[in-house]
Amino acid sequence: MPASKAQEPTLEYYFNQSIDYSDDVLTPKDILGHQVGTWHVRPEQSVAYFQSLAHLSEKVALKEIGRTHENRPLITAYISSPENIARLEQIKASRQNPEKYDGPNLVWLGYSVHGNEASGANAALLVAYRLAASKEPWVEELLENSIVMIDPMLNPDGLARFAHWVNSYKGKQLVSDPASIEHNEDWPRGRTNHYWFDLNRDWLLLQHPESQARIEHFYQWRPHIVGDFHEMSTNSTYFFQPGVPSRQNPLTSQENFDLTADIAEFHAKALDSLGSPYYSKEGFDDFYYGKGSTFPDINGGVGILFEQASSRGHLQESVNGDLSFPFAIRNQVATSFSTLKASLHLKDKLQKYQRDFFAGREKAAKKDSIKGVIFSSTDKGRLQELLRILQSHQVEVKQVTKSIKFDGTEYPAESSFVVDFKQTQYGLIKAMFETRTKFKDNTFYDVSAWTLPLAFNMSFTHLDAGDLSDVKTKPVVLASQGQWFGGDNPVAVVVPWNNFNAAKGLTRLLKDKAKQQLNPKVSTKPFSLTAKGEQIDFTAGSIVIQLPGDAQAKRESVALIKKSFLEAGVDVYGVDSGLALKGIDLGSPSIRPISMPRSLLVIGGESSSYEAGEVWHLLDTRLEIPLSMQNANYIDYNTIDRYSHLIMVNGYYADLNPEEHRALTEWIMEGGNLIVTRGAVEWAIRNQLLSFEISVPEEPKPEGHQFSHRDDVIAKGIIGGAIYQAHLDNSHPLAYGLTNDTIAFTKAGTQVLKPATQDFLTVASYTDSPLAAGYSSKENVERIKNTPAVLAQRVERGSIVVFNDNPVFRGYWLGASRLMVNSLFFNRAF
């Protein structure tokens, strides 16, 4: 039953018993001023309580492992016996050889990675208090045999946003009406972090400081169990894994699933004692290794997902009766302790499983017919980012020293890299590079593919034993600083666009006040010039910066250019003459002006906060471009003249009235650039801004399926996150910097565009066999093949760029992101 609506819950309520506590340790109420569950805890209050525990109890140590985007501390509490706490560093050092480890069990309890799933973050305070203060013999035994690591809030920025919302609308009389504002956050809601990313999808991709700090800590300790505490819809009950066997990743072992099932018996007993209903064998999949409950499974641990029905605010009606916030917290506390009891009772089994896991990595790699993978790119910026991710996951990478060819693809020395599967991270490497398209179960809660080289638009080949032995390698040496190639008196500077970070360098140059002396342009045709007497071939897309004739002004300009680009890791060339050896000269009309983008992102309303956040993150962090944002419900199209670009991501937008249509159309014709992705494409077509059309499929005819097959039939019609390949017109300005003639997109949804009726509008179109990885039904593949993926249309002085997919998916999809970057700088080049 829920806690009383009128009274504060008690400790006895949360623990379902009276417990003898040490008087030396403060309760959460002593710090908060109220019992947990009366108000939603704020991040600074949580930190203050854990600081008090570490100060007062020799059973508790506290460490700040990082900071969020909003500079909030990311903390981990270590709770164990005083003897174990005294030798934490020694124990941590011994974790670097997990095959031989024989010490305390490591249990990591992580709460509320989604900030508006707050019962976990509030439960963390109670769990920590009981562990630090309880005199129960079983707790003392637990702490002698375990180190419990508590991450009380995996997403402090989102939790802060949510706590402020629900606390602001709480009255003295609790309101359970689901329609009340307390239960309905405003956009973008507290689920996500500062840039509106789902941090529970970032354990693998590591795009954010929260994830980067957490993964570094994970590899230091390699916990035996990871508890991942979430919330789900109000009308649900409680879920814990093992889940559906057919929906776990096939790279996860049966032993892992069986151990999870053993632990589940402890959760069932705990919730049964409270009279709380639950389920454990339906619903959520365990496939994507970028989630907190699945990532441990490929790293020698047992990850467990917990999902509690959410009260969202403090009390809400549900089909199961009124659901109170304290009731939700109590269930999370119960399964936290059932996890700990399981770890104590199954200690030997868990430790043996982990030792066998790591001992078996070499055997698994030996049995695999694929022995490694080679990948290559001429783009040093994208290479650096992929290598950062791999190395953060302790994947050993080698640099190729002698050019070699596999399957018709040339892998040049120095810009190619190889990963040998025979290493500790074998399973994770396999998951990062595989291109699986067939699955036991086609129902996915999340993406079904995330192949890293496809995301980074790199050539790659899986290698057998003979292939791998043919590759000559050395340790990775990839300079982060760009180089200057040129003499002392260049007439111009040319910057190749084959480095993703060139856009950042260009932004820095355009923002600098000294830019009045310079006028960067983009070449739309190739050319060859000499730099310090050596012929250099430049492709279309190269940035050309004419230097002033005055010697002092030239020196200052070169210094500014070097500072802008070299510090961004981009090479630049000082050329000796503007007269080309081949191709166009530097005064050619084929070299077009560039200006600093002044972009407006439409947010709020029914737009996707995820996809809006991904655009914001790209511009703000990777490109260093200031980005204006306005709410879709209040944007005035008559006042957008100050902006060069209007960006609209997936979502539903209200139709334009005649005045708005006129204003927006005139803005585009006078030089404005509209960029639309996914659902916004349909809006632009519906409002007659585009001449393109969407292909509407015929209604499927009934096939007499049994009702029990309904989920499988529905799954066939969904594309939840597969990878589709598209042919790319490399000569198009939106493709500058991309050398491969194909490009991969994450495909979500089944929207299909009809082929353009004119030439030169199609930048990319899906191939004849577009499915590269992940699940997509044959019917959807047939519908989508050979249709447009990216279209670009000039409208007098302006342009409209259409992305049928999300080109900046989850912040790491740097291949297709290049198309978005180019749409900001090169609109006047097509």
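This briefing describes the fold, two sheets, the cavities and some local backbone features of the structure above.

The model is predicted, so local features are reported at pLDDT of at least 70 and side-chain atom pairs only at pLDDT 80 or more, whereas totals for chains, interfaces and linings use all residues. Residues are numbered from 1 along each chain as its sequence is written, and side-chain values use heavy atoms, with hydrogens and water left out. The protein chain has 24 helices and 36 strands, where helices (H or I, at least four residues) and strands (E, at least two) are DSSP runs numbered from the N terminus. The radius of gyration of the protein chain, taken over C-alpha atoms, is 28 Å, close to the 28 Å that the globule rule (2.2 Å times the number of residues to the power 0.38) gives for 830 residues, so the chain is as compact as a globular protein of that length.

**Overall extent**

- Along its principal axes, the C-alpha trace of the protein chain spans about 85 × 65 × 65 Å.

**The sheet of 7 strands**

- This open sheet runs in the order 1-2-4-3-5-7-6 with mixed pairing, two strands being paired if DSSP finds at least two bridges between them.
- Its edges are strand 1 (60-67) and strand 6 (238-240), each of which pairs on one side only, and the twist from one strand to the next averages 20°; here axes are lines fitted to C-alpha atoms, for helices over the stretch in contact, and angles run from 0 to 180 degrees between N-to-C directions.
- Strand 5 (residues 225-232) and strand 7 (residues 302-309) run parallel and are joined by 8 bridges, with G227 standing opposite I304 in strand 7.
- Helix 7 (residues 137-145) packs on this sheet, touching strand 2 (73-79), strand 3 (105-111) and strand 4 (146-151), and its direction makes about 90° with that of strand 4; contact means heavy atoms within 4.5 Å.

**The sheet of 9 strands**

- A further open sheet has the strand order 28-26-29-31-36-35-34-32-33, and its pairing is mixed.
- Strand 28 (627-631) and strand 33 (742-747) are the edge strands, each pairing on one side only, while neighbouring strands are turned by 20° against each other on average, direction ignored.
- Strand 31 (residues 673-677) runs parallel to strand 36 (residues 798-803), to which 5 bridges join it, and I675 stands opposite V801 in strand 36.
- Helix 19 (residues 609-622) lies across strand 26 (599-603), strand 28, strand 29 (645-648) and strand 31, running at about 155° to strand 26.
- Helix 21 (residues 679-686) lies across strand 29, strand 31 and strand 36, at about 125° to strand 31.

**Cavities**

- On a 1 Å grid over the protein atoms alone, a cavity is a set of points where a 1.4 Å probe fits but cannot get out, and lining residues have an atom within 4 Å of a point.
- Grid points are joined across faces, edges and corners, and a volume is the space filled by probe spheres set on the points; the count comes to 3 cavities of 30 Å³ or more, and the largest has a volume of about 70 Å³.
- The lining of the largest cavity includes F287, E434, R436, W450 and G774, and its residues divide into 5 nonpolar, 4 polar and 2 charged, with Ala, Val, Leu, Ile, Met, Phe, Trp, Tyr, Cys and Pro counted as nonpolar, Asp, Glu, Lys and Arg as charged, and the others, Gly among them, as polar.

**Backbone features**

- Most residues other than glycine have a negative phi, and most peptide bonds are trans.
- The peptide bond from W187 to P188 is cis, with omega near 10°, and P188 lies in the loop between helix 8 (156-168) and helix 9 (209-221).
- L206, which lies in the loop between helix 8 and helix 9, has a positive phi near 55° and is a residue other than glycine.

Notes: On a 1 Å grid over the protein atoms alone, a cavity is a set of points where a 1.4 Å probe fits but cannot get out, and a pocket is an open set with protein on both sides within 12 Å along at least five of seven lines; lining residues have an atom within 4 Å of a point.
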